[in-house]
Amino acid sequence: MSHLFAFLRVLEEGPQINSTQDLIVQASYLIASIFFILGLRSLTRPDSARRGMQQAAGGMLFAVVGTLLNSGILTYQWIILGLILGAIAGYPMAMKVPMTAMPQFIAFSHAFGAIAATLVGIVEYRHAFTPNELTGQTPGLSHGVAAALGFEVLFGALTVTGSFMAFGKLQELITGRPITFRGQNAVNMGLMAVAFGCFAMLIYQPDTAWAFYAMVALSLFLGVSMVLPIGGGDMPVVVSLLNSYAGLAAAATGFAIGNNVLIIAGALEGAGGFILSVMMSKAMNRSFANVIFGAFGSGAPAAAKEKGEAKESKTISAEDAAVQLAYAGSVVIVPGYGMAVAQAQHICRELMELIAKQGGEVKYAIHPVAGRMPGHLNVILSEAGIDYGALLTDVDDANRVLQTADVAVIIGANDIVNPDAEEDKSSPLYGMPIFRPWTAKTVYVIKRGKGTGFSGVENPLFFKDNALMLYGDAKNVIGSLVKEIKALDDSH
Amino acid sequence: MTQIFQLYVFILAGFIGFQIIQKVPPLLHTPLMSATNAISGISLVGALVAAGGQYGKVSTILGFIAVVCAATNVVAGFLITDRMLAMFGGPKKKPETAPEAGK
């Protein structure tokens, strides 16, 4: 209760309310904050989510209109032009981007938000030390506001370049493999220490402009050098972490300009990104630090080869596989990012419908880290028209269903079904919660070639007695399965 | 004193964020991320002040760029979230075993 009173006091005393105009502005911010929180709460249920987020968008509109009424705004032509340009750029981006490219898109969007936060920080800093035209006095900067501005540009600039790097990796403009050099972590740590030194200097002596700009430059550089050594498979964690940073930058902006709606929205995003990155790290059974500094997947392939016994995995023809699928009572499909790369989600739905027609039931087991961002494959499958009721998003639930399944079909997934995660203590995957498709009667593995997964680790699942390989492009392989089942159906 | 109150707001909002976001099912994690991304486009509010405050030529230009970037973030963020949620949101389709039209 005391928290509530304190909160109300903040609303009363925090921003200075001097006129009706200010009151309207503050009211619009309060409404926006409430809509944001309700919007996020609506995301706890799929059926209420869309309306809730539409309301949140309405909240944003309130906040923008409220700000435009602010007496601090004197000229409107740049603002209007900027808003129009932003809308023109944003609309086609949002409407055209395919669901498979969602992680890149979000990284890109983070970069844009962070650019805004960083530039606002720079403008505010410049403004504080620009003499007023009439009085000739500089407004100056308190230690507290200097700290807020410092945080803002530190996180903002880091997010800008970090997000562009993540975008480059996800879009495959840069290699997905970790890029490392000796002493990389030491160099990064050193630069970070220098940046924090500048930050301390800035708080101590807010008018040290060089410290401020040096911090921006170092932060921009750190964004690049911190994301470079992180492998493509770890991108779900990176994108979530950047999400959190973007939020913190927005919140720091709020502290700097004394705006509560910025603080609230920033805190919400900061919390969301943080929770997701922790969840993703947990789903890979790795610590945060290990993801950020571990350069996972760079050394593993060599290690895996030593172990490689001369085992051969068995293959099966599409014809034979189709017969079994047609008569299966329960089928669990385990998709990985490979399914999305092959664009096999639509043909998957067709396969699912055919099996359902024959009386079988098809479920999808979606691992938390499958895909390139949290929940990525759920979106891709839903876009293909697969009902979300068929998606098993809990590892334990999915494993229970797998135990009684007739057929498990692995499509373009590897690490999330690697038994080494449970059996081999020396495996880099050891301890990661995984699906156990080998508990089903038969396992089909649809795979492009004999290569390893993103982690570069060999997968003993492929050598299990009940595992049968179907090599080829996922879309083509499933396409031929669909054709064969249809042919069976027709011959009856 | 103002900054202490701001810290209150930040921490309480963060607390609410933790409570709510932990309850978001993995099914909706991608829309969640794009939703928080769109909401953090609220930096737009700061950009508006920077662009329209007549802080000098350089500041106005920087502010203008900030408005364009933040507006792109907001517009694209909310639209893409809506596009995704439209796929989940509709009334649940008929049971999976429903016979297809045709043969």
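Here is a short briefing on the two chains, their shared core and the sheet of chain A. The model is a predicted one. Chain A and chain B meet through 110 residues of the former and 86 residues of the latter. Chain A is divided into three stretches, domain 1 (13–96), domain 2 (101–298) and domain 3 (307–491), while chain B has 4 helices and 0 strands.

**Where the chains meet**

- On the side of chain A that touches chain B, 64 residues are nonpolar, 35 are polar and 11 are charged.
- B:Val67 is a handy residue to click on, with contacts to A:Ile79, A:Gly82, A:Leu83 and A:Gly86 in chain A, once its neighbours within four places in sequence are left aside.
- With those neighbours still left aside, B:Val67 is also in contact with B:Leu44, B:Ala47, B:Leu48 and B:Ala51 of its own chain.

**The nonpolar core**

- The largest nonpolar core holds 211 residues.
- Which residues have the most contacts inside this core? They are A:Ala116, A:Met215 and A:Ile410 from chain A, along with B:Leu44, B:Ala66 and B:Val67 from chain B.
- Helix H4 of chain B, which spans residues 57–89, gives the most to this core, supplying 19 residues.

**Chain B by itself**

- Read from the N terminus, the elements of chain B follow the pattern α-α-α-α.
- Chain B has 103 residues, and 63% of them count as buried.
- Take the contacts in chain B between residues at least 6 apart in sequence: 57% of these join residues at least 24 apart.

**The sheet of chain A**

- In chain A, 7 strands make an open sheet with parallel pairing, and their order is S1-S7-S6-S5-S2-S3-S4.
- Strand S1 (314–315) and strand S4 (391–392) of chain A each have a single partner strand and stand at the edges, so one side of each has no neighbour in the sheet.
- At the S4 edge, strand S3 (residues 361–365) of chain A runs parallel to S4(A) and is joined to it by 2 bridges.
- A:Ala365 has A:Leu392 in S4(A) as its bridge partner.

**Strand S5 and its partners**

- Is strand S5 (residues 407–411) of chain A mostly covered or mostly open? It is mostly covered, with 5 of its 5 residues buried.
- Both faces of S5(A) are covered: A:Val407, A:Val409 and A:Ile411 are buried on one side, and A:Ala408 and A:Ile410 are buried on the other.
- A:Ile410 is also among the residues with the most contacts inside the largest nonpolar core.
- Strand S2 (residues 330–335) of chain A pairs with S5(A) in the parallel sense over 5 bridges, and strand S6 (residues 442–447) of chain A also pairs with S5(A) in the parallel sense over 5 bridges.
- A:Ile411 is a good place to see both pairings: A:Ile411 is the bridge partner of A:Pro335, and A:Ile411 stands opposite A:Ile446 in S6(A).

**Domains 2 and 3 of chain A**

- The C-alpha centres of domain 2 and domain 3 of chain A lie 38 Å apart.
- In chain A, 19 residues of domain 2 are in contact with 14 residues of domain 3.
- On the domain 2 side of this contact, the elements giving two or more residues are helix H5 (102–128), helix H9 (235–257) and helix H10 (260–283) of chain A.
- That side of domain 2 divides into 13 nonpolar residues, 6 polar residues and no charged ones.

How values were computed
Residues numbered from 1 in each chain as written. Chains lettered and ligands numbered in written order. Predicted model: local features only at pLDDT ≥ 70, side-chain atom pairs only at ≥ 80, totals over all residues. Contact = placed C-beta atoms within 7 Å. Nonpolar A, V, L, I, M, F, W, Y, C, P; charged D, E, K, R; others polar. Core = buried A, V, L, I, M, F, W, Y, C linked by C-beta atoms within 7 Å. Buried ≥ 20, exposed ≤ 12 C-beta atoms within 10 Å, placed from the backbone. Pairing = 2+ DSSP bridges. Domains from an automatic or database assignment.
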